Every structure is written in C-alpha cells, then in structure tokens.
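Colleague: Could you walk me through how some of the helices pack here? I'd like the cut-offs as we go.

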Amino acid sequence: MSADASTAPGLKMPEKGKAKGKGVPIWRRSPSLVIGAVIVLATCVVAAFPSLFTSQDPLALNPKEMLLPPSPQHLFGTDNFGYDVFTRVIYATRLDLLIGVASAGMPFLVGSALGLVCGYYGGKFDAFMMRVLDVFMAFPFMVLAIAIVAILGNGVTNLIIAMWVVSWPPYTRLVRAEVLIAKGSEYVQAARTLGYSDLKIMFRHILPNVISSSIVYLASDIVMCIMSAATLSFLGLGVPSPTPEWGAIISGGKGFISTAWWISALPGLVMVVVGLGFSLLGDGLNDLLRTRD
C-alpha cells in the first residue's frame with residue numbers, strides 16, 4: 001500500500017502544531033476561572049468606587065431609623081445605631097479587600113523567595129528554616145494571629161502584621177518542594193554549563209517554572225486572610241468600631257440575631273460570595289496552568 005495515509009478517505013489526521021485546547025473559549029476550558037474573575041472584578045469595582053452604589057454616609061447615625069428591616073430605602077436594613085447596613089458593607093469592601101491583598105501579598109513574596117533559596121542551596125540554612133517552619137506549623141493559624149494581635153493591639157496595621165507573621169510558611173514549603181525537583185532538570189544543568197550565575201538561574205530559569213502553585217495558593221490565601229481579619233474583628237481584636245469592616249458589622253448584630261437577623265446575615269452572605277469568587281479564581285487558575293502545556 002503505497003498511498004499516503006493522510007489522503008486515505010475517511011481518515012482525519014490531527015492538524016499539525018495545534019495544541020490541545022487551543023481555540024477553545026476560556027469560558028469553556030475553565031468556567032470557574034471566568035465566574036471567579038467576574039466576582040473578583042465586581043468586588044474591586046465596589047471597593048474602588050463605593051459612592052457609585054450608595055449615596056449615604058457609612059458613619060451617619062440615625063436614631064429614628066434603628067433596627068429597620070430590609071427595604072428599598074435600606075437594602076440591608078439598619079442596625080441598633082441607625083447605621084445603614086448596606087452602605088457600611090459597601091464601604092467595608094475596600095478595607096477588607098485591602099487587608100486580604102496586603103496580608104497575603106507580603107508572605108507570597110517573602111515565603112516564595114525563602115523557598116527558592118532553601119530549595120536551591122539546601123544545607124544548614126535549609127535545615128534551620130525547615131525547623132522554623134515546623135514551629136510555625138505546630139500552632140493553629142488563628143491561635144497565632146490572635147496572640148500577635150493581642151500583643152500589638154487593635155488596628156488595621158497590627159492586623160496586617162499579624163497576618164504577615166503567620167501566612168508565609170505555606171509559600172516557602174510549596175516553592176521549596178518545586179525547586180528541589182526543578183534544580184536537577186536538564187535546562188538548569190545546561191544553564192550551569194553555560195556559566196550562568198546562581199541568581200540568574202534561580203530567578204530567570206527556575207522561579208518562572210515553579211511559581212504557578214504559589215500563585216494559585218495566593219488566591220485562596222487572600223480569602224483566608226479576609227476571613228481571619230473578619231474573625232478577629234468579630235472577637236473585638238481587629239478593626240475598631242465604628243470603622244466599616246465586615247467582621248465588626250457582623251459582630252455588632254450578634255446580640256440581635258433573633259430580632260434583627262439582617263445585621264449579621266446579609267454582610268455574612270456578602271463575605272461568602274466574595275470568598276467563593278476568590279476560591280473559584282484559584283481553582284480556575286490551577287486548571288488553566290495545569291493544562292497550558
């Protein structure tokens with residue numbers, strides 16, 4: 001049979017150079033990424049332009065309108081001080097998003113850098129850092145955060161510092177594990193043969209190939225930091241009143257949960273939706289990065 005197989009009738013050959021998944025819309029390849037991105041983008045818009053969504057003052061007391069249920073005038077009702085709950089939730093979005101991003105961003109940078117150095121060089125420094133990590137991982141996340149905030153005191157800055165201290169170990173472990181595998185690969189050996197410096201090998205050749213897992217974790221870590229900050233504020237250890245913050249708003253309604261459920265329930269629902277958005281974004285990034293090649 002001398003005929004070219006590609007010309008045989010009914011036989012379809014794969015198109016040359018066409019990678020799997022190419023040409024498929026991203027919303028079909030990773031719908032969770034699209035849904036998560038939409039929620040996160042909407043959250044960022046609300047945080048950046050709160051006045052577009054409400055014309056009321058989040059700190060305006062109105063004793064004549066205390067504990068009013070949800071209505072067209074007050075979408076989330078009012079609390080025991082007459083604050084408009086919807087307005088406070090809208091303005092709290094900026095602060096909570098800032099806390100989440102700032103609290104996770106620094107540990108992402110520091111933890112990834114430490115993991116890169118530990119995994120690449122190994123030795124005594126790596127052994128020492130692993131013991132430090134073991135100490136941090138031995139205590140529950142929230143217990144350490146509560147202890148640090150209790151020592152430093154209330155406030156946004158102290159809250160973010162507490163998140164920095166307790167959030168870096170997972171990034172170090174993730175990157176270190178990836179670097180231990182990558183440093184023995186052929187492209188790293190070739191870079192060493194060409195005489196590249198350690199810094200160039202680490203940051204130009206290894207880091208871009210190992211950072212994806214930390215980026216995926218970053219999305220879920222932002223959620224964890226937002227929830228942790230809200231928990232600390234709920235316990236009275238975070239953002240002081242009357243600053244609009246989701247945890248503080250929910251805490252203010254805990255004494256009226258049976259008579260004015262909306263004070264705590266509706267802000268809590270907003271937190272769930274935002275957390276779901278970041279979680280879906282992380283899952284979508286994981287799927288996209290895993291199937292990219």
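Modeller: Angles under 35 degrees count as roughly parallel, over 145 as roughly antiparallel, 65 to 115 as roughly perpendicular and the rest as oblique. This is a predicted model, where local features need pLDDT of at least 70, side-chain atom pairs count only at pLDDT 80 or more, and totals for chains, interfaces and linings use all residues. Residues are numbered from 1 along each chain as its sequence is written, and side-chain values use heavy atoms, without hydrogens and water.

Colleague: What angle do α6 and α10 pack at?

Modeller: Helix α6 (residues 156–167) and helix α10 (residues 212–234) pack at about 130°, with their axes 11 Å apart; axes are lines fitted to C-alpha atoms, for helices over the stretch in contact, and angles run from 0 to 180 degrees between N-to-C directions. The two are therefore oblique to each other. Helices here are DSSP runs (H or I, at least four residues), numbered from the N terminus.

Colleague: Which residues make the contact?

Modeller: L159, M163 and S167 of α6 meet D221, C225, S228, A229 and L232 of α10, where contact means heavy atoms within 4.5 Å.

Colleague: Switching to L159, what does that residue touch further along the sequence?

Modeller: Leaving aside neighbours within four places in sequence, L159 is in contact with I99, V149, A229, L232 and V239.

Colleague: And how is α5 placed against α10?

Modeller: Helix α5 (residues 141–152) packs against α10 at about 55°, with the axes 11 Å apart, and these helices are therefore oblique as well. F141, M142, A145, I146 and V149 in α5 meet M224, S228, T231 and L232 in α10.
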